[in-house]
Structure formats: structure tokens, C-alpha cells
Amino acid sequence: MEGMGMNITAGHFDNDEAVARELRDDDLDPGRRPIGSRLTALVATIALLGIIVGACAGLLTLLLYAIEHLALGFVESPAMPGPFLTHPLRRAVSLIGGATVAAVCWWLLRTRTTAVPSVGQAVRGSLMPAWQTVCHVLLQIGIVGCGLSVGREVAPRELGAMLAQRLCRWTGLHRRDLMEVVAISAGAGLAGVYNAPLAGAFFAIEILLKDVTAATVALSLLCSSLAAWVATLIKGTHAFYVIGAVDAHFTPDLFAFAVVVGVLAGVCGAWFRRGAQWAESHKARGSAILWQLPLAGAVTALVAIWIPQVMGNGRATAQMGFSGRPELAFIPLLLVSFAAKAVVTLMTIRAGASGGVLTPGIALGSSLGCMLGVCWLLMFGTNSIGVYALLGACALLAASQNAPLMAMTLVMELTEAPSNLYVPVACACAVSVGTGLLVARLHARRASGGTRVAHAGRE
């Protein structure tokens, strides 16, 4: 797509591309010999990383629960996905206090110590400093636990990338394998925190590496499955989103819905992607974060007085869509939640916070699917509202990430949906990604046309 002048990568948090030629020469100790053969060292490294990253993902989840309990007096669960029963004043104190502490800590990290690179930069060879990365990870978990609107999935990915770089030195892995191992370990972080081994593997393959060799797939699945299993031993296991009893049989009208929601989700996903890119590129720098991030917390607190589901990583907003009521009167609430979640998430990133947009994207897609599903259900009445929300969530996430395999497996694993629904889900994701790319192409043409006009005017 480079020939078209299109930028199809998202912010640093979700969709960085890895380029092998950008690997640095000093990432590994050239004098250290691998443990056994190269294959033995590679498999041993991947297996160890799966266990270690899974344990870290489980502990980060428990830390999130502890912060939620301390700051907001609740622990997220399928039955209580958001702080709905928490007093608005306590929500405000949690949001503003958490944002203020995070702003000071991030200002110190970014101006007084070695900068923490993104996961994509780490895959390309940038060394992640140890204690700075740990602090960066803990701050992300902290602000999500306090209620700020960003995803928490970047934290375990960053930790996985940092651990991979350190372990590769210890096992003496060859430098040409470093990019692959760091990406696989980062994907395992996603798998561990959400118990989603397929999504973790596809994240490494489809987004970070863009490499679909048999060896890469096998190693990714090994690392992600180990991480997901070990994490469940620490944090337990349950469906992240509850979609209720659904009909696993797909009908012609459901395929028609998949096409319609795919088009709408493709447009919305492309714009959310652009918004995330803009927020990341205009993120508060230097001392500006000291007032902008607390201000973002205050605005979120104000919005949460009437829309408490806007808080956190999007679980509450998404669950409202997955378990929505098939009533036209429910659509205005979904529409307000959709708009509020999108704006507050981008505002938080723009204010200087680090975090992801995967779960906020699922929240937007679930709300969109539910809104359209209410109308569809009243006309045809052949499926439950949860199925329509599921298709919307998969489609919008796929378009916003340009990663249909990762998107549909992540949502399907988080909802524990029947595998038969992969058929209409795949259709919705295909349509949404195609629509999203078309929207991006049209925007690139308009932008290049405007540039030419401006250039001609100056001449």
C-alpha cells in the first residue's frame, strides 16, 4: 500500500510493523553460544517465555482487580463489568487522583530516564530498559484500574517484549531469531491476560511480524497457549463478555446483516483508526502531560456521572451491547455510549496516557452491532441480540486494526461464542476490512489532492 501513499498502521500501541533490516547489531551477545542447537535454543526460549509471560499476565490481572477494589470499591466481572454502584464522587476522586499520579510518573519517566520504546520498535531492535518498562506497564494497569478509558492489553505485551529480549541473551539465541521471538512473546502477553491463545498468536503473526511460515505459526501457538494456560492458574478463567444463549445456526438474513454491519463497521473502524493515529501523533509531550492528563481524568469523571460505562477499558460498554434489550428505546443509550467511549478514549491518549485500543474498539463495535441488531431483530426476529453485537464487535475491531484473523479470534475467545458463528463473523470482517481500506484510500487521495492544491497556490 506504500505506493498509494497510504498509512495503514495504527498507533504505537496496536499495529506497528516490524522490518527485519532495522534490527540492531548489538541486540544479542555475539560471544554467547546457544543452549544446544539453534532449534533447541529457540524452542526452549519460546516455552520458557510462555510460562513466564503467562505468570506475569495473571499477576497483572490480579493487580488490576486490587486497584479497582481499592479505588472504586468493585472488581470487574461479567455480572458487574463497570463501577455502576460506585458513588460519582468516588469515581471522580479515583479518576483525577489516578490521572494525576500517572501524569507525574510518566513525566519523570519520559524526561528524566531512558525512554520506553513501543512493542513494534522493540521487535525492530530497540532495547527496552528493564525497570522503566516495568514502571510503564504498572502505570497502564493503574490508570485502567482507576477508571481511565484506555485498553490494558499493551502492558502485558510490553512486558513480554522486554522479557524476551533479556531471555534471548541468556539462552544465546541467534540475533536473526530475535525479531520473531520478541513478537511472539508480546503476542503471548495478550493471550495470557485475556485467555485468548489464538488471538495472541495471530497478533504476533498478522500485526507484528506479517509472517505466516509454518515455523512462526507453530512457535506462536506454543508460546500463546502456554501463556494462556499458566495465567488461568493464577487468575482463574471465565468468559470476559457474556452474550447469553445464542443460536449457532446462521440464516440468510444473518449473512445480509453481516454485509450491512461490515460496511458500517468498516467506516467507523477506519475513522477510529485515524483518530488513534492522530491522538498518538499529537500526544502531550514534556510538562504538558502534568495538566492535560488530570484534565482528561476530570472530563471522564464528569461524563461518568451520567454514563458510568465509559470508564475503564471498555468492558462495561461492550457488555451493554452484548446483553442489550431488543427495544428501539435502547438505541439512544447505545448511541450516546458509543460516542462518549470513542471521544473519551482518544482524549485520554491525546492527553499523554499510554494504552491500547483493542478493547475500546470491541466496545464500539458491540454498541454498533447492537444498535443495528435491534432494528434487524424487529424486522426478522431470527437471532438473539448477542449475535448481532458479536458481529459488530468483530467487524469494527478488524477494520480498526487491519487484522481480521486477530480480531475475530479475540472476540470469539473472549465471548466463548459457538465456533459455527465463525462463518458469518468471517464474512463481516472481510467486508469491514475492505470497506476500511477503501475509506483510507479515499482519504489519502483527498489529502494528496489538497497538498497539490496548496503547493500550486504557493507557487
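Student: In which helix is Gln-132 found?

Tutor: In this predicted model, Gln-132 belongs to helix α4, which covers residues 130–146.

Student: Is Gln-132 buried or exposed?

Tutor: Gln-132 is buried, because its relative accessible area is 7% and the cut-off for burial is under 20%.

Student: Which residues does Gln-132 touch, leaving aside those up to four places away in sequence?

Tutor: With those set aside, Gln-132 touches Leu-109, Thr-113, Thr-114 and Val-116.

Student: How should one read the packing of two helices, and what are the values for α5 and α6?

Tutor: In general, two packed helices are described by the angle between their axes and the distance between the axes. Here, helix α5 (residues 154–171) and helix α6 (residues 178–194) have axes that come within 7 Å and cross at roughly 140°. That angle makes α5 oblique to α6, since only angles over 145 degrees count as roughly antiparallel. The crossing in which α5 passes α6 is right-handed.

Student: Which residues of α5 and α6 meet?

Tutor: From α5 come Pro-156, Arg-157, Gly-160, Ala-161, Ala-164, Gln-165 and Cys-168. On the α6 side they meet Leu-178, Val-181, Val-182, Ser-185, Ala-186, Gly-189, Leu-190 and Val-193. The residues of this contact comprise 10 nonpolar, 4 polar and 1 charged.

Student: Is Cys-168, one of those α5 residues, buried or exposed?

Tutor: Cys-168 counts as buried, because its relative accessibility is 0%.

Student: What is a disulfide, and how many does a search of the whole structure find?

Tutor: A disulfide is a covalent bond between the sulfur atoms of two cysteines. The search of the whole structure finds 0 disulfides. Cys-375 offers an example: the closest cysteine sulfur to its own is that of Cys-370, at 9.8 Å, and this is too far for a bond. The cut-off for a disulfide is a pair of sulfur atoms within 2.5 Å. As for accessibility, Cys-375 is partly exposed, with a relative accessible area of 32%.

Student: At what angle do helices α10 and α12 pack?

Tutor: Helix α10 (residues 289–304) and helix α12 (residues 331–350) pack at about 165°, and their axes are 9 Å apart. The two helices are therefore roughly antiparallel to each other. Their crossing is left-handed.

Student: Which residues make the contact between α10 and α12?

Tutor: Helix α10 contributes Gln-292, Leu-293, Ala-296, Val-299, Thr-300 and Val-303, while α12 contributes Ala-340, Val-344, Met-347, Thr-348 and Arg-350. By class, the residues of the contact of α10 with α12 are 7 nonpolar, 3 polar and 1 charged.

Definitions and conventions
Residues are numbered from 1 along each chain as its sequence is written. This is a predicted model: local features need pLDDT of at least 70, side-chain atom pairs count only at pLDDT 80 or more; totals for chains, interfaces and linings use all residues. Side-chain values use heavy atoms; hydrogens and water are left out. Axes are lines fitted to C-alpha atoms, for helices over the stretch in contact, and angles run from 0 to 180 degrees between N-to-C directions. Helices (H or I, at least four residues) and strands (E, at least two) are DSSP runs, numbered from the N terminus. Angles under 35 degrees count as roughly parallel, over 145 as roughly antiparallel, 65 to 115 as roughly perpendicular and the rest as oblique. A crossing is left-handed if the near helix is turned anticlockwise from the far one by less than a right angle, and right-handed if clockwise. Contact means heavy atoms within 4.5 Å. Ala, Val, Leu, Ile, Met, Phe, Trp, Tyr, Cys and Pro count as nonpolar, Asp, Glu, Lys and Arg as charged, and the others, Gly among them, as polar. Buried means under 20% relative accessible area, exposed over 50%, partly exposed in between (1.4 Å probe, protein chains only).
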